[in-house]
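Visitor: Please pick one part of this model and go over it closely, with its surroundings where they help. I would like the cut-offs stated as the terms come up.

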Amino acid sequence: MPDLILKNASLIDETGQILPESNVSVENGLITHIFRSAEHESSINIPQEGEEIIDCRGLFVSPGFVNLHSHSPMAIFRGIAEDVDADTWFNRDIWPYESKMTAQDVEAGAMLAIMEMLDNGVCAFADHYFMSDRICQAVLNTGIRADIAPTLFGMTGGFEEQLDAAAGLIDQWNNQSQRLALRMGPHSPYTCSPQQLKQTAERAASLGVGLHMHVSETAEQVKKSLIEYGQTPFQILKDAGCLDLPLIVAHGLWIRDEERALIEKDTHFAVCPKTYMKLSCGQGTLWQNPRELPLCIGTDGAASSNSLSPLEQASLFALAGKFITGDPESFPLREVWQMLMKGHEALGFNSGRIAEGAAADLLIWDLNDIHTMPLYNPLASILYSAGKQNIRDSLIAGSFVKRNGKVLADTDAVRREAQYRAKDILKRGRGETRLVF
């Protein structure tokens with residue numbers, strides 16, 4: 001017997017196809033049955049004991065969102081470094097403030113970010129940060145899914161110790177919950193040497209996990225890589241064995257034409273256009289022949305992007321693409337929607353599909369609002385007009401994490417702790433760092 005039936009819904013699947021007047025049964029966290037409303041009509045009007053039936057007539061049901069690149073604790077730094085270039089943002093502000101960060105700051109920032117992501121329909125996120133045990137605990141406490149990569153820096157010294165510590169965290173936290181997975185997180189080819197990346201790839205392979213790292217965020221990084229190593233960043237990753245593993249590439253904004261052939265089937269790009277715009281990272285090359293690349297959507301940290309909405313990022317990516325290419329027919333709705341859904345493939349949570357046997361990570365959309373009406377095209381309403389206020393309900397593994405427009409958690413307590421931590425961060429001020437962007 002199902003735990004939940006969503007009846008009379010219009011379904012939006014991962015391809016953007018819309019199936020009207022459908023019913024979805026959920027049991028033990030999985031979608032167990034999908035059928036048209038005319039079928040079994042009499043059996044779904046009266047709930048059985050332990051069963052809930054929700055009439056979704058006039059509403060849309062879709063898979064939830066993935067945020068494929070974030071630094072969740074950096075929500076605690078939202079707005080602390082504005083109207084600066086990337087060099088100033090990293091070297092004068094963010095890395096010096098992070099050098100004095102405490103475990104309590106990390107947890108408070110992660111909780112703030114998770115609440116915001118749940119409100120924005122995120123069912124799973126890929127995170128990249130240090131003190132990752134505090135993020136893992138926040139994930140287990142809140143009901144969201146996450147893939148956590150403990151960050152490794154090559155230029156701070158003690159790389160072997162960092163690698164051992166990350167392996168220990170992976171051993172400790174992997175398999176504790178079906179909602180949590182870990183992988184290795186070397187920061188980037190510009191903060192880790194080729195030899196350190198090779199060591200990390202070998203350790204990740206021995207643990208049976210993948211990698212998540214920043215690659216080619218700026219044109220200057222690519223130029224420096226060629227001067228210092230005689231290779232582009234993706235060529236370095238290839239030689240280090242990183243591309244032989246499941247790999248989340250954060251950004252890849254300046255991937256070169258000759259590097260595209262190096263991309264393997266388990267590589268996924270998390271693009272975060274709001275950060276590129278704010279920090280003036282340049283147009284890059286992602287908008288050129290985008291179908292050649294496995295593009296997914298990330299948000300980056302809230303310290304640079306200020307918000308954690310994959311929907312906003314997807315909309316910006318499409319609009320920027322039309323603007324840059326001068327082609328209004330490029331980046332059509334269904335392809336942008338498929339980018340939003342593709343991140344599920346990278347994380348392996350069996351989510352991101354409206355299909356029997358898939359995880360019941362679902363959003364219930366109410367588009368009957370002033371700013372989303374009339375509904376000529378539901379994908380257009382979602383991608384270009386809707387926001388978190390249109391996500392009425394959100395389920396992860398069949399359980400509600402947002403219902404009737406409200407995240408099911410003590411968000412007031414999260415806000416109070418974040419405010420307290422932010423004041424303390426400013427009181428402590430900036431510290432010393434050996435990191436250089």
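Guide: Asn350 counts as partly exposed, at 34% relative accessibility; buried means under 20% relative accessible area, exposed over 50% and partly exposed in between, with a 1.4 Å probe and protein chains only. The model is predicted, so local features need pLDDT of at least 70 and side-chain atom pairs pLDDT 80 or more, while totals for chains, interfaces and linings use all residues. Residues are numbered from 1 along each chain as its sequence is written, and side-chain values use heavy atoms, with hydrogens and water left out.

Asn350 is placed in the loop between α11 and β15; helices (H or I, at least four residues) and strands (E, at least two) are DSSP runs, numbered from the N terminus. Although Asn350 is not a glycine, its phi is positive, near 60 degrees. Most residues other than glycine have a negative phi, and most peptide bonds are trans.

On one side of that loop is helix α11, residues 333–347, which lies across β12 (247–251), β13 and β14; contact here means heavy atoms within 4.5 Å. The helix runs at about 100 degrees to β14, with axes being lines fitted to C-alpha atoms, for helices over the stretch in contact, and angles running from 0 to 180 degrees between N-to-C directions. These three strands belong to an open sheet of four in the order β11-β12-β13-β14, with parallel pairing; two strands pair if DSSP finds at least two bridges between them. Its edge strands, each pairing on one side only, are β11 (211–215) and β14 (295–297). On average, neighbouring strands of the sheet are turned by 30 degrees against each other, direction ignored. Strand β13, residues 267–271, is joined to β14 by three bridges, and Ala270 faces Cys296 of β14. Strand β12 holds His251, another residue that is not a glycine yet has a positive phi, about 85 degrees. Unlike a partly exposed residue, His251 is buried, because its relative accessible area is 2%.

On the other side of the loop comes β15. Four bridges tie β15 to β16 in an antiparallel pairing, in which Leu362 stands opposite Leu395 of β16. Leu395 also has Phe400 as its bridge partner in β17. Strand β17, residues 399–403, runs antiparallel to β16, with three bridges between them. The two form a hairpin with two residues between them, and Ala397 in the turn has a positive phi of about 50 degrees. Strand β16 (391–396) is largely enclosed by the rest of the structure, because five of its six residues are buried.

Between β15 (362–365) and α12 (378–385) runs a loop that contains Tyr376. Tyr376 is exposed, because its relative accessible area is 78%. Its C-alpha atom is separated by 39 Å from that of Asp83, 293 residues apart along the chain. Pro374 is in the loop between β15 and α12 as well, and a cis peptide bond with omega of about -5 degrees joins it to Met373.

Trp365 leads to the packing. A nonpolar core is a set of buried Ala, Val, Leu, Ile, Met, Phe, Trp, Tyr and Cys residues joined through side-chain atoms within 4.5 Å. The largest such core has 109 residues, of which Leu286 and Trp365 touch the most other members. Helix α2 (residues 103–119) gives the largest share of this core, ten residues. A second, separate core has 17 residues, including Leu6, Val24, Val61 and Phe400. Leaving out residues up to four places away in sequence, the contacts of Trp365 include Leu59, Phe60, Phe65, Leu311, Ile382 and Ile391.

Back on the N-terminal side of α11, Phe331 is in the loop between α10 and α11, and Phe317 is in helix α10 (residues 310–325), 14 residues apart. Their ring centres lie 5.7 Å apart and their planes at 85 degrees, so the pair is edge-to-face: rings of Phe, Tyr and Trp (its six-membered ring) pair if their centres lie within 6.5 Å, with planes under 30 degrees apart counted as stacked, over 60 as edge-to-face and the rest as tilted. Phe317 and Phe331 are both buried.
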